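Let us walk through this protein step by step, beginning with one helix and then widening the view to the whole chain.

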Amino acid sequence: MYSYDDQNIFARILRGEIPNKTVLESAHTLAFEDIAPQAPVHVLVIPKGAYITFDHFAAEASEAEIVDFNRTVQAVIAQLSLGDGYRLISNAGQDGVQDVPHMHMHILAGRRLGRIVGEA
Ligand code: AMP
């Protein structure tokens, strides 16, 4: 059902083929700065495994990967002291306007964010 494209840009980052500004790395997860930040804080958190969307990850990742991913999101929030708040977004598929077909969670913070859903 899920067909992963291993040439996507986050797969290339994970293979070390292109650089990234790493915020945190753990056994199963990498967190790095978004190249085109939409807020003062804009970090992407990705599993190291080959998962396309959140639902793919939640369906097929091991419990260790799922726990590690969530704990890494928490660790980024703690490390960057986002006590004033943050937003998590995981775009999926065409209607979700997902550009990179490797599961990722955006962490946005550092200012009061706008409405959650914008124009198409
Ligand atoms: P999405 O539209 O949810 O798939 O978001 C993809 C995100 O990846 C966008 O916010 C891009 O700015 C970001 N992005 C694309 N290429 C890179 C890269 N090489 N390093 C860091 N972030 C990237």
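Which elements cover the buried residues of α3? In this predicted model, the cover includes the strands β1 (22-25), β2 (29-33), β3 (41-47), β4 (87-89) and β5 (105-109), together with the helix α2 (54-60).

The helix itself, α3, runs over residues 63-79, and its 17 residues reach 24 Å from the first C-alpha to the last, which is close to the 24 Å expected at 1.5 Å a residue. Its buried residues are Glu65, Asp68, Phe69, Thr72, Val73, Val76 and Ile77, where buried means that under 20% of the relative area is accessible. To read such a list, it helps to know that an α-helix has 3.6 residues a turn, so residues three or four places apart point the same way. After α3 comes serine 81, whose phi is positive, near 55°.

Stepping back from α3, we find three helices and five strands in the protein, and from the N terminus on they follow the order α-β-β-β-α-α-β-β. Among contacts with a separation of 6 or more, 55% are accounted for by residues 24 or more positions apart.

What radius of gyration does the protein have? The value is 14 Å, and because a compact globule of 120 residues would have one near 14 Å, the two agree. The C-alpha trace spans about 40 × 35 × 30 Å along its principal axes, and 37% of the 120 residues count as buried.

Turning to the outside, the accessible surface comes to about 7500 Å², of which carbon and sulfur atoms hold 51%. The protein carries 9 positive and 15 negative charges, whose mean positions are 9 Å apart.

How values were computed: Residues are numbered from 1 along each chain as its sequence is written. This is a predicted model: local features need pLDDT of at least 70, side-chain atom pairs count only at pLDDT 80 or more; totals for chains, interfaces and linings use all residues. Side-chain values use heavy atoms; hydrogens and water are left out. Helices (H or I, at least four residues) and strands (E, at least two) are DSSP runs, numbered from the N terminus. The radius of gyration is taken over C-alpha atoms; the globule rule is 2.2 Å times the number of residues to the power 0.38. Buried means under 20% relative accessible area, exposed over 50%, partly exposed in between (1.4 Å probe, protein chains only). Contact means heavy atoms within 4.5 Å. Accessible areas come from the Shrake-Rupley method with a 1.4 Å probe; for residues, only the protein chains shown count as cover. Lys and Arg count as positive and Asp and Glu as negative; His and the chain ends are not counted. The place of a charge is taken as NZ of Lys, CZ of Arg, CG of Asp or CD of Glu. The expected span of a helix is 1.5 Å times one less than its number of residues.
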